[in-house]
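Work through the exercises below with the sequence and the model side by side. Try each task before reading its solution.

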Amino acid sequence: MGLQVLNLKIWIDRHAIVLAIGACGMIIILGVVATVLVSGLNNTPRWWNLGDQLNADDPALISQAERLENAITTQLTAVRDVEDPQWAVAITIEQANAWLVVRLADTIQTHLGRDAWPSEVEQVRVGIEDDQLIVGARLVHASGSNIVWARVVLRIDKRADLWGVVSSVHVGTTRIPKRLFAKEEFGFAGSALKLGSGKLELGDGRQAELLGLRVHNGQLELVMKTSVIE
């Protein structure tokens with residue numbers, strides 16, 4: 001049971017919000033860090049303004065992030081009908097941002113070390129516009145701060161690996177060339193970044209597998225399957 005709980009905790013930490021799209025946001029930031037210092041790129045995009053007052057110390061926000069983790073744990077460990085192993089879950093953009101603001105930095109530091117979180121990154125956040133996912137971060141520097149963000153399409157390949165395909169990159173309200181960050185040394189294959197596996201062994205002889213996902217009606221919808229490992 002201890003191993004099962006540990007595995008679930010690691011999976012939730014890494015996959016709860018769009019299955020590690022926070023990592024995609026970090027790559028975007030690192031790839032354009034020099035660009036944000038250029039004048040004229042300090043406007044705040046409209047999608048970020050919609051939730052600009054999120055505070056990691058807000059008890060209500062902390063509670064919302066914890067409820068999301070607990071709900072995912074409950075769904076993953078639930079006993080499923082072997083004749084109908086598929087199930088679905090939806091994560092709202094508010095729930096996603098609560099987890100990102102409250103838990104993302106601690107999660108990265110826990111798994112990758114205290115120095116893994118760049119001090120320049122104040123906050124990572126997601127948004128949705130026209131059923132398209134947006135990943136962004138506020139980057140702080142000597143002259144102030146900038147919002148660095150990208151439109152991302154999530155895809156699952158035949159091996160159940162999850163990819164983030166970047167369609168556009170922006171600093172503030174200015175669009176910038178994708179070639180500044182979409183490089184092999186950052187883990188990109190063209191404009192696609194592998195985010196990780198959509199499979200998880202639950203530790204009780206079963207595995208949960210991500211079958212599909214989409215952004216729709218302001219939330220992320222996922223279809224999962226829990227099955228016995230053969």
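Two strands pair if DSSP finds at least two bridges between them. Helices (H or I, at least four residues) and strands (E, at least two) are DSSP runs, numbered from the N terminus. The model is predicted: local features need pLDDT of at least 70, side-chain atom pairs count only at pLDDT 80 or more, and totals for chains, interfaces and linings use all residues. Residues are numbered from 1 along each chain as its sequence is written, and side-chain values use heavy atoms, with hydrogens and water left out.

**Exercise 1. The partners of β5**

Task: Find which strands β5 pairs with, and in which sense.

Solution.
Step 1. Take β8 (residues 192-197). β5 pairs with β8 in the antiparallel sense, over 5 bridges. In this pairing, L162 has G196 of β8 as its bridge partner.
Step 2. Take β4. Here 9 bridges join β4 to β5, and the two run antiparallel. V148 stands opposite V171 of β5.
Step 3. Take β6 (residues 174-176). β5 and β6 are antiparallel and share 3 bridges. V171 stands opposite T174 in β6.
Step 4. Check burial. Buried means under 20% relative accessible area, exposed over 50%, and partly exposed in between (1.4 Å probe, protein chains only). In β5, 8 of the 11 residues are buried, so the strand is largely enclosed by the rest of the structure.

**Exercise 2. Positive phi in the loops and turns**

Task: Locate residues with positive phi, and say whether D131 and A160 are buried or exposed to some degree.

Solution.
Step 1. Recall the background. Most residues other than glycine have a negative phi.
Step 2. Look between β2 (121-129) and β3 (132-141). D131 is found in that loop. D131 is not a glycine, yet its phi is positive, about 60°. Its relative accessibility is 40%, so D131 counts as partly exposed.
Step 3. Look between β4 (144-156) and β5 (161-171). A160 lies in that loop. The hairpin of β4 and β5 has 4 residues between the strands, and A160 takes a positive phi near 70° there. A160 counts as buried because its relative accessibility is 5%.
Step 4. Add the hairpin of β5 and β6. It has 2 residues between the strands, and G172 has a positive phi near 65°.

**Exercise 3. The open sheet**

Task: Work out the strand order of the open sheet, its edges and its twist.

Solution.
Step 1. Write the order. 4 strands form the sheet as β1-β11-β10-β9, with antiparallel pairing.
Step 2. Mark the edges. β1 (86-92) and β9 (199-201) are the edge strands, each pairing on one side only.
Step 3. Give the twist. It averages 25° from one strand to the next. Axes here are lines fitted to C-alpha atoms, for helices over the stretch in contact, and angles run from 0 to 180 degrees between N-to-C directions.
Step 4. Follow β10 (residues 206-216) into β11 (residues 219-228). 10 bridges join these antiparallel strands. G212 has V223 of β11 as its partner, and R214 has E221.
Step 5. Read the turn. The β10 and β11 hairpin has 2 residues between the strands, and N217 in the turn has a positive phi of about 55°.
Step 6. Close at β1. It is joined to β11 by 7 bridges, running antiparallel. Q86 stands opposite K225 in β11.

**Exercise 4. The core and its helix**

Task: Which residues of the largest nonpolar core touch the most other members?

Solution.
Step 1. Define the core. A nonpolar core is a set of buried Ala, Val, Leu, Ile, Met, Phe, Trp, Tyr and Cys residues joined through side-chain atoms within 4.5 Å.
Step 2. Pick the residues. The largest core has 39 residues, and L76, L104, V126, L154 and L213 touch the most other members.
Step 3. Find the main contributor. Helix α5 (residues 93-112) supplies the largest share of this core, 6 residues.
Step 4. Inspect that helix. α5 has a kink of about 50°, centred on R103. The bend at a residue is the angle between axes fitted to the seven residues ending there and the seven starting there.
Step 5. Step past its end. G113, just after α5, takes a positive phi of about 110°.
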